[in-house]
Amino acid sequence: MKIAFCASEVFPFAKTGGLADVCGALPLALKKEGLDVRVFLPAYRGIVDAFEAQKISEGLFQTRLPGDIPVYLIAHEGYFDRDSFYGDERGDYADNFERFLFFNQHIFERCQEVEFIPDIIHCHDWQTALLPVLLKYKYRQFENWAATKSILTIHNIAFQGFFPKEQILKIGLPESYPQEDAIIYDRLNFLKAGMIAADGVNTVSPQYVVEIQTPEFGCGLDHVVRSLSSPVKGILNGIDYDSWNPPTDPFIEAPIFADNFQIAKAVNKEVLQLALDLPVEPRVPLFGFVGRLSHQKGIEILLEALPQLLSLSAQFVILGMGEAKYETALRKAAAGQRDQLVFISNYCEYRAHHIYAGSDFFLMPSVFEPCGLTQMISMAYGTLPVVHLVGGLRDTVYGYDKRGLEANGFGFEVLTARNFIQALESAIAVYQVPAEMDQLRCNALKTDFSWTSAAHAYQKFYQCLLSD
Ligand code: ADP
């Protein structure tokens, strides 16, 4: 079975968040299932040189992912040779419509050029959501594309790719295309168009499927999700244990194994405290946060809770980049609290590894969370997540209040600063009882978040569509 895996971010070539992690790891898991997967990505600035990609033809380069998976880089100097992927300090790039339309259209052209006509086009998020539309209304009339099916995976319904509705004429669709499929609230909406045209739609956790059908989490598309002809599937993401491998992680001081985690965690914590210039206090619990500084990640709640959290005997490290207002507020909160709170305003892979490995707990007060990878990564490093039980967090974190010694973290139901603080207090209480803490860490370390079951589920999904 041939799969064209099309995305705007793929680790290690281009990453702003979890989408890249997924698109860098799932292809290999699918290949292990016997599928012929090839990845398509824009040739953003620097990738061709950094990864020594080979030129195939004008505007097309090829490199590989581990497992010898071909990655085709579609180049356009004007569109992709820029500092960022989607925008700059002024906001989204004004020509994102043209940039991603170009990428989507060229995927068809380049597939033909390299003689790879896929059975399935697997699209991810709004940036590739025009592919199902172009397939259904343009390419399927050609014999070579007639049997190809499309799947759209929604990694985050909050990002929809909307543009002035007049732009729809530039897509070059036939008159038979029902334009209302792509328009909502008087704007052109790539994600809506893709959801309706795709042969299958899924999202990245079972709980998020339920949530996006409600006005609270559907971001204006809940009624579209509810009205799709086939129900949206929920396939839980995994994590890439090659990139996040505590026993062999080159970034961390002490390798973490299930049978040495007490010593390894203590060493990594000390190294982290030293690196951050925090007092080296082995018995003071250390809470980490790694993530985008955005409303989604619950930064407002974190800021609201911070004064009280700082009255606890605990240390905090926050690594994040994002909205300027959050950066300013966190910088302010950290000023004068050097002994307790460190804020690193940066995007930094190795620091993230240090925090996962050296913290005792990991904070995720997310407002919504389609799946969330950071809670799974932290558990793989024996660091217990403290989370708002929403989306994929509900599917992956078994809270201490309900599961006792079978828990792998701490959760709370309703997102308020009070509930968040209580969850942290309960984490600290467990921390004071080393045997309980060890048991929970052991549970977290043993939870299996590998890609294997997701790869099975996607393979079944592909097969199901092809047999329709
Ligand atoms: P998102 O909503 O951003 O996709 P996920 O939890 O799915 O959130 O994935 C986030 C990914 O991005 C993880 O691999 C995490 O380690 C990484 N990440 C986020 N912010 C940073 C940062 N400031 N520095 C390093 N890595 C980061």
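**Entry 1. The largest cavity**

I listed the lining of the largest cavity and found Asp 21, Val 22, Gly 238, Ile 239, Asp 240, Trp 244, Leu 373, Ile 377 and Trp 451. I note here that I am working from a predicted model. By class, this lining splits into six nonpolar residues, one polar and two charged. The volume of the largest cavity comes to about 40 Å³. I then searched the whole structure for cavities of 30 Å³ or more, and one turned up.

**Entry 2. The second largest pocket**

I turned next to the second largest pocket, which holds about 540 Å³ of space. Its lining has 29 residues, and those nearest the centre are Ala 25, Asp 240, Tyr 241, Asp 242 and Ser 243. Asp 240 was already on my list for the lining of the largest cavity. Which elements give two or more residues to the lining of this pocket? They are helix H1 (18-32), helix H12 (349-358) and helix H18 (452-466). H1 gives the most, with seven residues. I sorted the pocket lining by class and got 16 nonpolar, five polar and eight charged residues.

**Entry 3. The nine-stranded sheet**

I traced an open sheet of nine strands with mixed pairing, in the order E3-E4-E5-E2-E1-E8-E9-E13-E14. E3 and E14 are the edge strands; each has a single partner strand, so one side of each has no neighbour in the sheet.

I started at the E3 edge. Strand E3 (residues 54-57) and strand E4 (residues 60-65) run antiparallel and are joined by three bridges. For Gln 54, I found the bridge partner in E4 to be Gln 62. The two strands E3 and E4 make a hairpin with two residues between them. In the turn, Gly 59 has a positive phi of about 80°.

Further along the order I looked at E1 and E2, which pair in the parallel sense over five bridges. Ile 3 stands opposite Val 37 in E2. Is E1 enclosed or open to the outside? Four of the five residues of E1 are buried, so this strand is largely enclosed by the rest of the structure.

At the other edge, strand E13 (residues 200-203) and E14 run parallel, with two bridges between them. Opposite Asn 202 I found Lys 233, in E14.

Two helices on this sheet were worth recording. H6 packs on the sheet and touches strand E9 (149-154) and E13; the direction of H6 makes about 135° with that of E9. Helix H4 (residues 96-113) lies across strand E1 (2-6), strand E2 (36-42), E3, E4, strand E5 (69-74) and strand E8 (120-124). H4 runs at about 140° to E2.

**Entry 4. The three-stranded sheet**

I also looked up an open sheet of three strands, with antiparallel pairing and the order E10-E12-E11. Which strands stand at the edges? Strand E10 (162-164) and strand E11 (183-184) do; each has a single partner strand, so one side of each is left without a neighbour in the sheet. E11 runs antiparallel to strand E12 (residues 187-189), and two bridges join them. I picked out Ile 183, whose bridge partner in E12 is Leu 188. Helix H6 (residues 190-197) packs on this sheet and touches E10, E11 and E12, with its direction at about 50° to that of E12. H6 is the helix I had noted against E9 and E13 of the nine-stranded sheet.

**Entry 5. Two serines**

I checked where two serines sit. Ser 378 belongs to helix H13 (residues 374-380). Why do I call Ser 378 buried? Its relative accessible area is 0%, and the cut-off for buried is under 20%. Setting aside neighbours within four places in sequence, I found Ser 378 in contact with Tyr 356, Phe 362, Thr 383 and Pro 385.

Ser 229 is in the loop between helix H8 (222-227) and strand E14 (233-234). Buried or exposed? Ser 229 has a relative accessible area of 80% and is exposed, the cut-off for that being over 50%. I also took the separation of Ser 229 from Asp 88: their C-alpha atoms are 38 Å apart, and the two residues lie 141 residues apart along the chain.

Notes
Residues are numbered from 1 along each chain as its sequence is written. This is a predicted model: local features need pLDDT of at least 70, side-chain atom pairs count only at pLDDT 80 or more; totals for chains, interfaces and linings use all residues. Side-chain values use heavy atoms; hydrogens and water are left out. On a 1 Å grid over the protein atoms alone, a cavity is a set of points where a 1.4 Å probe fits but cannot get out, and a pocket is an open set with protein on both sides within 12 Å along at least five of seven lines; lining residues have an atom within 4 Å of a point. Grid points are joined across faces, edges and corners, and a volume is the space filled by probe spheres set on the points. Ala, Val, Leu, Ile, Met, Phe, Trp, Tyr, Cys and Pro count as nonpolar, Asp, Glu, Lys and Arg as charged, and the others, Gly among them, as polar. Two strands pair if DSSP finds at least two bridges between them. Contact means heavy atoms within 4.5 Å. Axes are lines fitted to C-alpha atoms, for helices over the stretch in contact, and angles run from 0 to 180 degrees between N-to-C directions. Buried means under 20% relative accessible area, exposed over 50%, partly exposed in between (1.4 Å probe, protein chains only).
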